[in-house]
There are 2 protein chains.
Amino acid sequence: MHHYPSQLLEKAVEEIAQLPGIGKRTALRLALHLLKRPASQTEFFAQTLTRLVKEIRRCQTCYSLCDEEQCEICKNPHRNSKIICIVEDIRDVMAIENTGQYQGVYHVLGGKISPMEGIGPDQLHIQPLIDRAHKAREIIFALSSTIEGDTTIFYLYKMLKELPIKLSTIARGIGVGDELEYADEVTLGRSINHRIPYEESL
Amino acid sequence: MHHYPSQLLEKAVEEIAQLPGIGKRTALRLALHLLKRPASQTEFFAQTLTRLVKEIRRCQTCYSLCDEEQCEICKNPHRNSKIICIVEDIRDVMAIENTGQYQGVYHVLGGKISPMEGIGPDQLHIQPLIDRAHKAREIIFALSSTIEGDTTIFYLYKMLKELPIKLSTIARGIGVGDELEYADEVTLGRSINHRIPYEESL
């Protein structure tokens, strides 16, 4: 795409196309959309994004995103701060919160150990987790079961295994409502090996 | 998606999700991406969008977007201002410019007549086109051949047909490099009816 009729437009398209999953063509469509609506709406949009990146904070305890020093979950006296669920990213916190099944607190690592992408333990919020772990009763690993996820869990396991706390991991198995015949072999195998008493599933 | 850990994040996601083709999930992914890169980069991004909508202008002649009063094409003395190509939108100008085959000027309508979407002739830049047409030698209709495109062309045709100018439309036919067997019947039919002398195709 050459021949932009306006340098302002070209610069905007280049900026928008830097976002992940957005190519030049989509960026141009989005820029023209911004031009079709009232300018005040896009000014507000730009202000909202600027406020987001300048004012948002990380919870001093669990490293989730929040608007104050501590997040709503860590501040809540009804949450059990002795149970810490380790997740990669804030989206996992949101997903678990949406289930309404968890009463403990979280620890957001900010990523997974990935030598391929040059992410080592030092880039993640691991040291503060070790500090918190001394006061915990249980730590739940809730990372995705990829090579990076398993590597990260194993690294943390080695750091935490000497502490007198329970280390657990979320159950892997066939999704509720899923057909057995479409499940992959590893998942199906695990769900048989880790079968639970029928009464517990009710 | 409920339970946003931050109101700033929730508002940003809502704003991003108002863009066409972007749902809440993608908006959250984009917002978290903005938070991962340096804040200064997102501030610059926001400034670029604000400048775009506040400073960009429409060419006083052809209604294309530009940074000054008149666009580069209308200003260019080497372009033939007697030949006006009518397009729906600035993307069509860019596409035709990319071919390097056209030496005339443009007129951007800003849309197509569409009673279904409540777009009548008054919302398009049609009156200035009629004014320009009096000084033109040829007008080329380069609108997509949908119901709305054909309606718009027919409306313009009725307005312009009494003027002593040539009215033409871009050729429809089988794309260069396309297989005949996969072409739709209407296109293939037209390309036979509007066949051209072989020498002209060289």
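## Symmetry of the two chains

Chain B superposes on chain A after a rotation of 180° with 0.0 Å of shift along the axis, at an RMSD of 0.1 Å. This is therefore the relation of a two-fold axis. The model is predicted. Which residue of chain B comes closest to the rotation axis? A46(B) does, with its C-alpha at 2.2 Å.

The interface follows the same theme. Of the interface residues of chain B, 100% are also interface residues in chain A, so the copies meet through the same surface.

## The enclosed space

A search of the whole structure finds 1 cavity of 30 Å³ or more. About 100 Å³ of space lies in the largest cavity. Its lining counts 13 residues. Nearest the centre of this cavity lie I16(A), L19(A) and F45(A), along with L19(B) and F45(B).

Which helices supply the lining? Both chains take part. In chain A, α2 (24–36) and α3 (39–55) each give at least two residues to the lining of the largest cavity. In chain B, α2 (24–36) and α3 (39–55) each do so as well.

## The sheet of chain B

Chain B holds an open sheet of 4 strands. The order is β4-β3-β5-β6, and the pairing is parallel. Which strands sit at the edges? They are β4 (104–108) and β6 (166–169) of chain B, and each pairs on one side only. From one strand to the next, the twist averages 25°.

One pairing can be followed to the residue. Strand β5 of chain B, residues 138–141, runs parallel to β6(B) and pairs with it over 4 bridges. F141(B) has T169(B) in β6(B) as its bridge partner.

## Helices on the sheet

Two helices of chain B pack on this sheet. Helix α5, residues 90–99 of chain B, touches β3 (80–87) and β4 of chain B. The direction of α5 makes about 160° with that of β4(B).

Helix α7 covers residues 147–160 of chain B. What does α7 touch? Its contacts on the sheet are β3, β5 and β6 of chain B. The direction of α7 makes about 165° with that of β5(B).

## An annotated stretch in chain A

UniProt, in an unreviewed entry, lists residues 59–74 of chain A as "zinc finger region: C4-type". How much of this stretch is helix, and how much is strand? In the model, residues 59–74 of chain A are 19% helix and 12% strand. The C-alpha atoms at the two ends of the stretch are 8 Å apart.

Technical notes: Residues numbered from 1 in each chain as written. Chains lettered and ligands numbered in written order. Predicted model: local features only at pLDDT ≥ 70, side-chain atom pairs only at ≥ 80, totals over all residues. Heavy atoms only, no water. Pairing = 2+ DSSP bridges. Axes fitted to C-alpha atoms, helices over the stretch in contact; angles between N-to-C directions. Contact = heavy atoms within 4.5 Å. UniProt positions renumbered as here; feature names shortened; annotations may be inferred. Least-squares fit on C-alpha atoms with pLDDT ≥ 70 in both. 1 Å grid on protein atoms, 1.4 Å probe; cavity = no way out; pocket = protein on both sides within 12 Å on 5 of 7 lines; lining within 4 Å. Points joined across faces, edges and corners; volume = space filled by probe spheres on them.
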